Amino acid sequence: MELKKTKQPIMGLAALFIILFHLFPVSRSNDMVSSAIRYIVMTGYIGVDIFFFMTGYMAYFSKTDNYFQYIKRKFLNIYPIFIFSCVLYIITGKISVTKAILTSTGIDFIVNGGGSLLWFIPAIMIFYLLVPFYLKLVKKMNNIQLFIIAMAVWAVIMLALENFVGNHSINIFLCRIPIILLGMTLAKYEGKWEVSYKLISALIFLVVGVFLTLKFGYMVKLNFLISDIFYIAAIPYVLGIILFADAIFGKIKSYLFSSLGKISLELYCFQMVFGSLIFGKVIRYVNGSVLAFVIVFGVILVLSYLMYTGRKRI
């Protein structure tokens with residue numbers, strides 16, 4: 001794996017998956033092409049899993065000796081756009097000022113989980129708060145052993161929450177913790193995988209992953225023992241896509257996906273704030289939902305780029 005080199009285009013690919021999942025109009029036709037597109041769109045939630053994997057992977061290389069400097073750096077990198085998005089939500093009349101405060105402080109995420117606006121960002125921030133402690137453990141024991149122990153602890157906690165807590169909405173994040181830990185575990189092997197090995201592994205993971213997501217994470221979502229555990233079933237699919245993308249982007253430079261990767265955070269926020277709103281207005285004036293999606297995607301792309309360049313200047 002050489003994900004330190006291919007990180008940006010992979011993040012761009014993840015952003016595209018998320019936008020497709022939230023905004024792309026799915027056809028009800030049963031022909032092969034329509035069915036394949038419908039599967040890709042309806043499992044586009046794995047874009048978040050790709051983000052989480054890459055976040056964990058890159059966190060392994062973070063400088064965390066000064067805890068407060070590390071947290072400050074991460075906070076300033078992701079929170080300004082989050083707060084700005086909450087302000088936009090207020091302006092568009094979607095939420096009240098009180099709700100915005102609860103959202104931006106992460107309280108709403110803890111209470112409502114995936115029902116919280118832009119839940120992805122406070123979830124990532126919680127992860128960053130814990131990274132330095134996990135990395136200290138990595139230095140004291142074998143990476144694989146730590147992963148196994150962490151997964152055992154995760155399973156016990158999840159089963160306890162499932163049986164003693166009524167609200168499982170935060171599972172949208174908790175069931176992504178394994179993919180984050182897997183990212184931190186595999187980061188140790190950065191630069192040690194040959195292209196042929198990556199492609200073979202990617203193919204195996206994709207075959208298994210497509211089968212599991214078709215059965216447990218597509219039309220029917222698995223909730224066996226733990227609510228939203230279908231995210232765990234999707235892990236092979238996520239790994240297959242990441243490995244294929246790593247092999248391809250390692251050999252062929254993609255300016256399109258690299259550009260999307262640069263503004264991935266802005267894309268995520270703007271499509272959540274404005275995506276459905278703009279789509280609802282555009283679809284009234286154009287002939288075809290796919291064309292409407294293209295126009296909306298273009299608008300979100302421009303807004304995201306303007307925000308990215310403005311944020312960098314500040």
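The largest nonpolar core of this predicted model has 104 residues, and those with the most contacts inside it are Ile46, Ile50, Phe52, Phe53, Trp119, Phe120 and Ile121. In soluble globular proteins, nonpolar side chains tend to be buried together. Taking Ile121 as an example, and leaving aside its neighbours within four places in sequence, one finds it in contact with Ile78, Tyr79, Phe82, Leu265, Tyr268 and Cys269.

Cys269 leads to the question of covalent links: how many disulfides does a search of the whole structure find? The search finds zero. Cys86 is in no disulfide, and the nearest cysteine sulfur, that of Cys269, lies 8.5 Å away. Seen from the other side, the closest cysteine sulfur to that of Cys269 is in Cys86, and the separation of 8.5 Å is too far for a bond, because a disulfide requires the two sulfur atoms to be within 2.5 Å. Both cysteines are nevertheless buried, Cys86 at 4% relative accessibility and Cys269 with a relative accessible area of 0%.

The aromatic residues offer a second route through the structure, since a search of the whole structure finds 27 aromatic pairs. One of them joins Phe52 and Trp119 in a tilted arrangement, with 6.2 Å centre to centre and 45 degrees between the planes. This pair links distant parts of the chain, as Phe52 belongs to helix α3 (residues 46-59) whereas Trp119 lies in the loop between α6 and α7 (120-140), 67 residues apart. Phe52 counts as buried at 0% relative accessibility, and Trp119 is buried with a relative accessible area of 8%. Another pair, formed by Phe109 and Phe173, is edge-to-face, with 5.9 Å centre to centre and 65 degrees between the planes. Phe109 lies in helix α6 and Phe173 in helix α9 (residues 171-174), so this pair ties together parts that are 64 residues apart in sequence. Phe109 is buried at 0% relative accessibility, and Phe173 also counts as buried, at 6%. The four rings of these two pairs belong to one aromatic cluster, which is formed by Phe51, Phe52, Phe109, Trp119, Phe120, Phe173 and Tyr268.

Aromatic rings also meet charged side chains: Lys4 lies over the face of Phe61, at 4.4 Å from the ring centre, and the charged end of Lys221 sits over the ring of Phe230, 4.9 Å from its centre.

As for the confidence of the prediction, the mean pLDDT of the chain is 88, and 100% of its residues reach 70 or more. Among the elements of the chain, helix α6 (residues 107-112) has the lowest mean pLDDT, at 85, and helix α12 (residues 230-233) the highest, at 93.

Technical notes:
Residues numbered from 1 in each chain as written. Predicted model: local features only at pLDDT ≥ 70, side-chain atom pairs only at ≥ 80, totals over all residues. Heavy atoms only, no water. Buried < 20%, exposed > 50% of the residue type's maximum accessible area, 1.4 Å probe, protein only. Core = buried A, V, L, I, M, F, W, Y, C linked by side-chain atoms within 4.5 Å. Contact = heavy atoms within 4.5 Å. pLDDT = per-residue confidence, 0-100. Helix = DSSP H or I, 4+ residues; strand = E, 2+ residues; numbered from the N terminus. Phe/Tyr/Trp six-rings, centres within 6.5 Å; stacked < 30°, edge-to-face > 60°. Lys NZ or Arg CZ within 6 Å of the ring centre and 35° of its normal.
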